[in-house]
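Morning, everyone. I have one structure to walk through today. Please look at it with me.

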Amino acid sequence: MAAIRTQRQIRQRASWWFAGLLLANFALMSYNARDDATKQRKIRSLTQTIAYPVQQGASSVGGWFGGLFGRIGQLRGAAAENQQLRAQLDQIQAELRDTRGRAAEADRLEKLLSLSEKSEYKMVVAQVIARDPSLWFDSVQINKGRWSGVEVNMPVVTSGGIVGRVVSTSPWSAQVMLATDEKSGAGAVVGQLGQSNSLGSVKGLGESGLLDMRYVSGLEKIQPGDIVVTTGQDGIYPPGYNIGEVVEVRPGSATQAQVIHIRPGAGLERLKEVAVLLYHPPARSESDQSLPNVEKKSKQ
């Protein structure tokens, strides 16, 4: 029985072996079969044909992912480059501001030098190092004092006009009361000194930043835009220095003085450098001391 079963199994398996041999033979024949025109193996051409869609899809997907990651890399590179360019721009702008500041400082110093060359008085050029925070328009501190020849009541000017007068000193610094302080005062004339009868005195109006000119006769013709200069009658400022420009006039009469407001020419709100005039006024005669247009100064 065992021998019969074994022969039966052999016959059954023989058919499978035969089919396998036929398939292998077909595969070998197909593999070796060549196209008459191209002389290529047909199996290779069939394989390429079947694999093409898969390869094409894989290539497209790979290209898409490659492009995506490439764009992400480009964006990161662009962001880094943008940040670098911003840093360079900030540096250039800082250098430009510094250059403009230096140019402005050089221009101011050049104007002070020109003023010194034209003036008959010796000058000490100083920098403004502080302002009184409670009295913004009233006083400033400069970096020159007694060791530089600066004394109390010496006038302080810029190329634009008078700034104020020295009210206290130390060996290396000094405090300057600005012309806009309500306690300040200066002899003044509207127009050309020696040619105009519009004499008076100016006094500060405090935080308005303007000056008030008093005692000018209502009969004098004054209008906005007129220039006001020092007369030298106050014992502080030399004659002929610019005070400012008339910005407001309220007409008076033969018995009532005009109300005149002046904008200082020195630009007191943006002072950087100033010049202290080493000036001592000449002794005044009795006639000078009794001039009605000069406001007497109180000693401080």
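I'll start with the whole chain, then take the two barrels, the cores and three polar residues.

First, a caution. This is a predicted model. Keep that in mind for every distance I quote.

Now the overview. The chain has 300 residues, and 28% of them count as buried. Its secondary structure comes to three helices and twelve strands. About 19600 Å² of surface is exposed, and carbon and sulfur atoms supply 55% of that area. Now take the contacts with a sequence separation of 6 or more. Residues 24 or more positions apart account for 57% of them.

On to the strands. One closed barrel has six strands, in the order 1-2-5-4-3-12. The pairing there is antiparallel. Direction ignored, neighbouring strands of this sheet are turned by 45° against each other on average.

Look at one pair in that barrel. Strand 2 and strand 5 run antiparallel, joined by four bridges. Val 140 stands opposite Val 176 of strand 5.

Stay on strand 2, residues 139–142, because Ser 139 sits there. Is Ser 139 buried or exposed? Its relative accessibility is 7%, so it counts as buried. What does Ser 139 touch, once residues up to four places away in sequence are set aside? The answer is Arg 131, Asp 132, Gln 175, Val 176, Met 177 and Leu 178. With Gln 175 there is a polar contact, side chain to side chain, at 3.5 Å. One more distance here. Ser 139 and Thr 180 are 41 residues apart in sequence, yet 9.0 Å apart in space, C-alpha to C-alpha.

Next, the loop between strand 5 (174–178) and strand 6 (186–190). Ser 184 is found in that loop. Ser 184 has 7% relative accessibility, so it too is buried. Where does its side chain reach? Two backbone oxygens come up. One belongs to Ala 179, at 2.6 Å from the Ser 184 side chain. The other belongs to Asp 181, at 2.7 Å.

Now the other barrel. Six strands close it in the order 6-7-8-11-10-9, again with antiparallel pairing. The twist averages 40° from one strand to the next.

Let me go through some of its pairs. Strand 6 and strand 7, residues 199–204, pair antiparallel over four bridges. Val 189 stands opposite Leu 199 of strand 7. Strand 7 then joins strand 8, residues 211–214, through four bridges, also antiparallel. Lys 203 has Asp 212 of strand 8 as its bridge partner. Six residues lie between the strands in this hairpin of strand 7 and strand 8. Among the hairpin's residues, Gly 206 takes a positive phi near 70°.

Strand 6 also pairs with strand 9, antiparallel, over three bridges. In strand 9, Thr 230 is the bridge partner of Ala 188.

What about the packing? The largest nonpolar core has 23 residues. Which of them touch the most other members? They are Val 202, Met 213, Val 228, Ile 243, Ile 260 and Ile 262. Strand 6, strand 8, strand 10 (242–250), strand 11 (259–264) and strand 12 (273–277) each supply at least two residues of this core. Strand 6 gives the most, with three residues. Another core lies apart from it, with 18 residues. Val 124, Ala 126, Val 150 and Leu 271 are among them.

Take Ile 243 as a sample of the largest core. Leave aside its neighbours within four places in sequence. Its contacts then include Ile 162, Gly 187, Ala 188, Val 202 and Leu 211. They also include Val 228, Val 229, Thr 230, Arg 263, Pro 264 and Gly 265.

Last residue. Asp 234 sits in the loop between strand 9 (227–230) and strand 10. How does it score for burial? Asp 234 has a relative accessible area of 6%, under the 20% cut-off, so it is buried. What does its side chain reach? It reaches the backbone nitrogen of Gly 187, at 2.7 Å.

To recap the three polar residues: Ser 139 is buried, Ser 184 is buried and Asp 234 is buried. Happy to take questions.

Technical notes. Residues are numbered from 1 along each chain as its sequence is written. This is a predicted model: local features need pLDDT of at least 70, side-chain atom pairs count only at pLDDT 80 or more; totals for chains, interfaces and linings use all residues. Side-chain values use heavy atoms; hydrogens and water are left out. Buried means under 20% relative accessible area, exposed over 50%, partly exposed in between (1.4 Å probe, protein chains only). A polar contact is a pair of N or O atoms within 3.5 Å; within protein, one must be able to donate a hydrogen and the other to accept it, and residues adjacent in sequence count only if both atoms are side-chain atoms. Contact means heavy atoms within 4.5 Å. Accessible areas come from the Shrake-Rupley method with a 1.4 Å probe; for residues, only the protein chains shown count as cover. Two strands pair if DSSP finds at least two bridges between them. A nonpolar core is a set of buried Ala, Val, Leu, Ile, Met, Phe, Trp, Tyr and Cys residues joined through side-chain atoms within 4.5 Å. Axes are lines fitted to C-alpha atoms, for helices over the stretch in contact, and angles run from 0 to 180 degrees between N-to-C directions.
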